[in-house]
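Student: Hi! Could you walk me through this one with me looking at it on screen?
Tutor: Happy to, let's pull it up.

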Amino acid sequence: QSVFVENKPGASGNIAMAEVARADDQHTIILGHIGTLAVNPYMYDKIPYDPNKDFKPVSLLAKVPSLYVVHPDVPAKNLTEFIAYAKSKPGKLSYGSAGNGSAGHLAFEYLKMTADVFMLHVPYRGTGPMVTDLLSGRLDASAIGAAAIIPFIKAGKVRCIATGSAKRLPQLPDMPTV
């Protein structure tokens with residue numbers, strides 16, 4: 001079966017979700033995720049779809065753990081060192097996310113809250129542009145889905161300082177969990 005894939009950025013996925021919710025062809029599907037199905041209903045006063053009534057689940061496609069990563073110029077080798085470094089430079093460090101309310105944004109905000117540190121959040125319109133700025137050094141850190149960043153970790157372009165999963169990942173067996 002041929003398929004047509006259309007990426008629809010914007011409004012934390014609300015634009016794409018609304019379009020699919022209005023589709024009447026019975027062949028339009030969407031890859032929903034934690035942001036569009038669980039976070040957005042609480043983050044926005046009103047969203048143009050009902051995640052419980054407008055969609056029927058087909059399958060769990062993937063579980064994507066977040067990895068806490070830093071640009072190689074950041075001297076921290078692990079999460080403890082990173083928190084100490086961030087505390088020594090309040091407001092001087094930045095972290096990027098795929099957008100407001102994204103899993104990476106919420107993961108990093110939770111880290112900031114529990115560690116009592118302040119870093120500037122820079123939201124992007126998706127993971128790709130954020131990774132570009134992280135790799136170039138325009139960002140100091142990020143919490144990002146493993147699949148998108150592991151190749152850059154393996155190539156030494158970014159340094160992983162912790163995994164956001166309950167168990168260590170087979171791809172990074174020496175990396176501690178948070």
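Student: At what angle do helix α3 and helix α4 pack?
Tutor: This is a predicted model, and in it helix α3 (residues 79-88) and helix α4 (residues 103-115) pack at an angle of about 75 degrees. Their axes are 11 Å apart.

Student: What do we call that arrangement of α3 and α4, roughly parallel or roughly perpendicular?
Tutor: Roughly perpendicular, because angles of 65 to 115 degrees count as that.

Student: Which residues make the contact?
Tutor: From α3 you have Leu79, Phe82, Ile83 and Lys87. On the α4 side, Phe108, Leu111 and Ala115 take part.

Student: And how does the contact of α3 with α4 split by class?
Tutor: Six residues are nonpolar, one is charged and no polar residues take part.

Student: Switching topic: how many salt bridges are there in the whole structure?
Tutor: A search finds four. One of them sits in helix α4, where the side chains of Lys112 and Glu109 meet at 3.0 Å, N to O.

Student: How far apart are Lys112 and Glu109 along helix α4?
Tutor: They are three residues apart, so about one helical turn separates them.

Student: Is Lys112 buried or exposed?
Tutor: Lys112 is buried, with a relative accessible area of 10%. Its partner Glu109 counts as partly exposed, at 26%.

Student: Ok, what does Lys8 form a salt bridge with?
Tutor: With Glu19, and the closest N and O atoms are 3.0 Å apart. This pair links distant parts of the chain: Lys8 lies in the segment before α1 (14-22), while Glu19 is in helix α1, eleven residues apart.

Student: How accessible are those two, Lys8 and Glu19?
Tutor: Lys8 is partly exposed, with a relative accessible area of 31%. Glu19 also counts as partly exposed, at 34% relative accessibility.

Student: What about Arg138, which residue does it form a salt bridge with?
Tutor: Asp133 is the partner, and the closest N and O atoms are 2.8 Å apart.

Student: Where do Arg138 and Asp133 fall, buried or exposed?
Tutor: Arg138 is exposed, with a relative accessible area of 56%. Asp133, in contrast, counts as buried at 15%.

Student: Which residues do salt bridges with shared partners join into one network?
Tutor: Glu6, Lys8 and Glu19 are joined that way. You can start from the Lys8 and Glu19 pair we just discussed and look for Glu6 as the other member of the network.

Terms used: Residues numbered from 1 in each chain as written. Predicted model: local features only at pLDDT ≥ 70, side-chain atom pairs only at ≥ 80, totals over all residues. Heavy atoms only, no water. Axes fitted to C-alpha atoms, helices over the stretch in contact; angles between N-to-C directions. Helix = DSSP H or I, 4+ residues; strand = E, 2+ residues; numbered from the N terminus. Parallel < 35°, antiparallel > 145°, perpendicular 65-115°, else oblique. Contact = heavy atoms within 4.5 Å. Nonpolar A, V, L, I, M, F, W, Y, C, P; charged D, E, K, R; others polar. Buried < 20%, exposed > 50% of the residue type's maximum accessible area, 1.4 Å probe, protein only.
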